[in-house]
Amino acid sequence: MNVFESVESEVRSYSRGWPVVFDRGTGSWLYDEDGNAYLDFFAGAGALNYGHNNPVLKHALVDYIMRDGVTHSLDMQTVAKRDFLETFTDVVLGQRNLDYKIMFPGPAGANAVEAALKLARKVTGRESIINFTNAFHGMTLGALSVTGNSMKRGGAGIPLVHATPMPYDNYLDGKVEDFLWFERLLEDSGSGLNEPAAVIVETVQGEGGINVARDEWLRGLADLCKRHDILLIVDDVQMGCGRTGPFFSFESAGITPDIVCLSKSIGGYGLPLALTLFRPDLDIWEPGEHNGTFRGINPAFVASTEALRTYWRDDKLEKSTLAKGEQVERVMTELAQVHPGTPMFAKGRGLARGLSFETGELATKVCRAAFDRGLLMETSGPDGEVAKVMPPLTVTDEELADGLDRLTAAVNQVCA
Ligand code: PLP
């Protein structure tokens, strides 16, 4: 028994699917302690959009550390934080005509979600939140209450309340008019639905099975929220920072959420950083009303600023993500055609892609066969039925083709 098995909690999960000891990472590659190379099409569940130890970000970080730049600062004013705030405002918000206040809610995605829910309740004076089927928003109690997965919800140990799930796009196979049920409940004073403070939504459900909401559906949702005076929260923790192409995943729908949650790749280098963005008029927090020790991890500000300057001053990364995503989709669609005896279909947007099988067992076998070929990918969906592909956005054309060859070989083996 190794130290991970003897000492680390049974709660560990990724290490079970990939039972090697990783030591180094560079770009799209991870290396284990024996020097074996793995193409990483998992990318820290979306935290490594710019790859492992991206050299541009690394130099900025090393310089900052070597000059004794402040590492930890709660929410004090630092040079690194000022650079980040100015760059984010200029490169991300300004170019998109978005006017948001920026809150640092704590380092994880769940912190960004908790702050968003709290603020929506404080602003509206209402308790209830609308979430969607198969949503995933994190593991803290507030975030879990708006998460769908029953196994994860079960871990709470207390009732998860004040949230009502509605069908996500296509949940009813397109047979029912969008928002028919939701709108009916809102308009019927006898429905039993408490007036909601907010709706929280992912544009693509990363953990829930790479379920994509159509732009048209998102516009319908934004419109419904406006008409009923409900705040719209987009949780862009996994799909933001370019995962679906544009910096924010909601850009293609042309909507402007009231509140946005960001984390994962906003730290640039895999360093913890999260933001909750909101309309300036919603900024009714009292000083210190929501705080936390790790809201100012300056190396994350440094890496984030460098990533924004390097990758988001033009639309090159966005375009290449969209093109590469189409390539993944083509290969997945071909696989489905080649194996009519094993029903599967491709889903996703940008470089968040999935191959959906009829059972979780099949998707797990594909991920295992991929691992045997040196390709890291995980399953997603309520039964783990989707083999999920999320390479770093900086993956080269050769690496992408190589990974897709490995995926093809894995699927061919499982479906033989
Ligand atoms: N929201 C979404 C959409 C996520 O995908 C995740 C994590 O996968 C979270 C929130 C929670 O983020 P964290 O694990 O950093 O708390």
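Q: Let's begin with a yardstick: buried means under 20% relative accessible area, exposed over 50%, and partly exposed in between (1.4 Å probe, protein chains only). On that scale, is Phe42 buried or exposed?
A: This is a predicted model, in which local features need pLDDT of at least 70, side-chain atom pairs count only at pLDDT 80 or more, and totals for chains, interfaces and linings use all residues. Residues are numbered from 1 along each chain as its sequence is written, and side-chain values use heavy atoms, with hydrogens and water left out. Phe42 has a relative accessible area of 10%, so Phe42 counts as buried.

Q: How many aromatic pairs are there, and what angle lies between the planes of Tyr14 and Phe42?
A: Rings of Phe, Tyr and Trp (its six-membered ring) pair if their centres lie within 6.5 Å; planes under 30 degrees apart are stacked, over 60 edge-to-face, and the rest tilted. By this rule there are 18 aromatic pairs. Tyr14 and Phe42 form a tilted one, with 4.8 Å from centre to centre and a plane angle of 55°.

Q: How many residues apart are Tyr14 and Phe42?
A: Tyr14 belongs to helix α2 (residues 14-17), whereas Phe42 is in the loop between β3 (37-40) and α3 (43-46). Helices (H or I, at least four residues) and strands (E, at least two) are DSSP runs, numbered from the N terminus. The pair thus links distant parts of the chain, with a separation of 28 residues.

Q: What kind of pair do Phe104 and Phe301 make, and how far apart in sequence are the parts it ties together?
A: The ring centres of Phe104 and Phe301 are 5.2 Å apart and their planes meet at 65°, so this pair is edge-to-face. Phe104 is in the loop between β4 (101-103) and α6 (109-124), while Phe301 is in helix α11 (residues 298-311). Both are buried, at 11% for Phe104 and 0% for Phe301. The parts they tie together are separated in sequence by 197 residues.

Q: Which residue's backbone oxygen does the side chain of Ser263 reach?
A: Ser263 sits in the loop between β11 (259-262) and β12 (275-278), and at 4% relative accessibility Ser263 is buried. Leaving out residues up to four places away in sequence, its contacts (heavy atoms within 4.5 Å) include Pro107, Val237 and Cys241. At 3.1 Å, the backbone oxygen reached belongs to Leu273.

Q: What percentage of the ligand's exposed area does the protein bury?
A: Residues around the ligand (a heavy atom within 4 Å) include Phe136, His137 and Glu202. Polar contacts are pairs of N or O atoms within 3.5 Å; within protein, one must be able to donate a hydrogen and the other to accept it, and residues adjacent in sequence count only if both atoms are side-chain atoms. A ligand nitrogen is 2.6 Å from the Asp235 side chain, while ligand oxygens lie 2.8 Å from that of Gln238 and 3.0 Å from that of Lys264. Alone the ligand exposes 390 Å² (Shrake-Rupley method, 1.4 Å probe; for residues, only the protein chains shown count as cover), and the protein buries 81%.

Q: Which residue's side chain is joined to that of Asn211 by a polar contact of 2.9 Å?
A: Asn211 is in strand β9 (residues 211-212) and is buried at 18% relative accessibility. A polar atom of its side chain lies 3.0 Å from the backbone oxygen of Gly208. The side-chain partner at 2.9 Å is Lys347.
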